[in-house]
Amino acid sequence: MAGLERVNRELFPLRDISSVVQLFTDEVEKSSEPDLALLSIVGGAVENSLTCHRSPVMKDAPVETDDDSGGEFEIEYHIVDALYSQFRSIILGSVDLSAYGDSKYATRELVKKVSDVIWNSLSRSYYKDRAHLQSIYSYLTGNKLDCFGVALAVVAGCQVLGFNDVHLALSEDHAWVVFGENGGETAEVTWHGKGNEDKRGQPIGTSVGSLSWLYVNGQPVICDRYMEVTALVSSINPSFNMTTDIKEVADFQQQLMWMLYDRGYLQRYPMALGNLGDLEEINPTSGRPHCSDLFSQAVDASRKFYNNQHVYPYTYQGGYYFRQKMYKEALGSWANAADVLREYNYSRDDEELYKELMDIANELIPHVMKAVGSGIDAHSILKDPECFAHLLRLYDGICQWEEGSVTPVLHIGWAKPLVNTIAKFDASVRAQLVIDLQDDLDEEHSSEKEDKNSSRSGTADSGNMEKTEEPSKVGDNLNNNNYTKALESDSAQS
Ligand SMILES: CC1(C)CN=C(N2CCN(c3ncnc4sc(CC(F)F)cc34)CC2)S1
């Protein structure tokens with residue numbers, strides 16, 4: 001039976017957040033699976049009505065709107081019913097099931113056909129990165145979807161057709177689907193990035209491209225229906241413009257996320273835990289875990305379920321520490337992010353992550369150096385060998401990301417902030433640098449650089465920092481004098 005008959009009509013018209021939260025709660029608690037199309041339409045309608053005709057509140061100081069200017073919306077049952085029926089008839093009307101055999105499991109051809117139905121009904125040209133294009137509401141009312149939205153719509157379309165084996169697979173910057181008897185098949189269903197030919201219908205590459213971060217080394221978040229609801233809630237976007245959020249939408253999203261969190265649907269979803277952490281940092285919910293706990297839970301989830309192959313949990317956490325001026329902890333998180341990178345080869349598909357690391361290395365860390373350099377900073381970063389070690393581990397990780405990659409990562413734009421940053425550290429801290437050059441390291445340097453395609457054992461040794469007073473025993477192959485001279489001359493200039 002189509003989902004709508006069962007929805008509690010007394011909740012309509014939806015006029016406040018609690019009634020929408022109730023509708024989502026009813027959907028995830030009912031005996032059969034939650035209806036993705038219904039929830040994506042309702043969530044999109046709320047987001048759209050609050051962000052597209054609203055008097056905004058400032059992003060950094062969302063205030064309670066005493067009058068009802070900020071929080072009003074009214075979503076009629078007949079509107080949702082009409083949109084829901086429209087989506088069902090688009091899908092059911094375009095896919096002749098008899099052409100796809102009588103298997104209860106989806107086939108690649110069926111998945112590709114549903115992807116084509118969505119794909120071919122999108123507007124010819126629109127700004128793909130715009131906000132609020134992630135929901136089936138956007139698809140039905142504007143024929144526009146972003147990359148994630150297409151993938152979600154395909155999964156929702158397969159649910160309408162009764163193929164409950166088709167599920168969303170999520171990396172940190174891409175989405176695709178898994179399907180088949182034991183979910184062992186994969187298929188691209190949407191595009192990625194700009195100017196890349198889409199690979200819709202193809203299985204996820206096992207070629208060298210799959211060593212790129214884009215496919216997280218075979219560690220994507222594989223969703224069940226409940227995690228797909230979490231993904232659509234996580235993709236709710238409270239932005240009104242670049243500097244302003246609509247507080248009601250953030251509250252709406254936050255309450256839904258806690259409802260899903262309480263049922264365990266964020267447990268294996270690091271980015272959703274990170275998103276909830278961001279929401280809690282801005283507007284803490286009393287009686288709930290502190291945002292720093294959520295960022296830690298995201299890190300733990302990546303380590304526990306995804307072999308620590310996800311980078312974003314550490315950048316969520318590092319961003320939080322940075323905003324709290326906890327600079328040593330921030331450097332530690334960013335170094336941990338770089339440790340994940342070592343396993344990857346950088347490819348042109350990894351643009352988003354490259355921008356994230358550029359921002360950390362060339363904007364945030366120089367800001368940290370300025371912030372601690374000027375102030376009287378008792379436990380100053382610049383005198384702390386562990387901070388220096390974090391910094392070197394960060395850069396070493398980025399260098400190792402580049403090693404073995406067809407596309408270079410670092411360029412002079414990286415080197416200047418790096419040298420300035422290193423030079424800011426106390427000479428006494430730098431002199432403590434002890435790099436353990438394992439015996440085989442020399443052999444490794446002499447033989448061909450180990451190919452990342454072979455299984456790597458652990459992360460490369462990035463040396464360790466000891467708080468020793470002896471002069472540094474820097475390894476033979478580091479040209480100690482020139483290195484120190486370069487730093488001293490540079491620090492003399494800066
Ligand atoms: C630490 C950051 C820079 C802050 N926000 C970050 N996000 C990363 C991407 N976000 C996400 N949050 C929940 N689920 C997903 S699935 C996905 C890939 C897309 F193609 F489907 C992205 C993403 C949310 C925001 S990473």
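**A walk from the core to strand β2**

Let's begin in the interior of this predicted model. Its largest nonpolar core holds 143 residues, and the members that touch the most others are Phe 24, Phe 87, Leu 168 and Trp 401. The biggest contribution to this core comes from helix α7, spanning residues 147-160, which supplies 11 residues. As a general background, nonpolar side chains in soluble globular proteins tend to be buried together.

Leu 168 makes a good place to pause. Leaving aside residues up to four places away in sequence, Leu 168 touches Phe 148, Ala 151, Leu 152 and Val 155, along with Ala 175 and Trp 176. The list of its contacts also includes Val 221, Ile 222, Cys 223, Glu 228 and Ala 231. A second core, separate from the one we started with, has 6 residues, among them Ala 169, Trp 176, Ile 204 and Tyr 215.

Now look at strand β2, residues 167-170, which is covered on both faces. His 167 and Ala 169 are buried on one side, while Leu 168 and Leu 170 are buried on the other.

What does β2 pair with? One partner is strand β3 (residues 175-179), which runs antiparallel to β2 and is joined to it by 4 bridges. The connection between β2 and β3 is a hairpin of 4 residues. Strand β5 (residues 221-222) is also antiparallel to β2, with 2 bridges joining them.

Ala 169 lets you trace both pairings from a single residue: its bridge partner in β3 is Trp 176, and its bridge partner in β5 is Ile 222. Trp 176 may look familiar, as it is listed with Ala 169 in the second core and is also touched by Leu 168.

How values were computed:
Residues are numbered from 1 along each chain as its sequence is written. This is a predicted model: local features need pLDDT of at least 70, side-chain atom pairs count only at pLDDT 80 or more; totals for chains, interfaces and linings use all residues. Side-chain values use heavy atoms; hydrogens and water are left out. A nonpolar core is a set of buried Ala, Val, Leu, Ile, Met, Phe, Trp, Tyr and Cys residues joined through side-chain atoms within 4.5 Å. Buried means under 20% relative accessible area, exposed over 50%, partly exposed in between (1.4 Å probe, protein chains only). Contact means heavy atoms within 4.5 Å. Two strands pair if DSSP finds at least two bridges between them.
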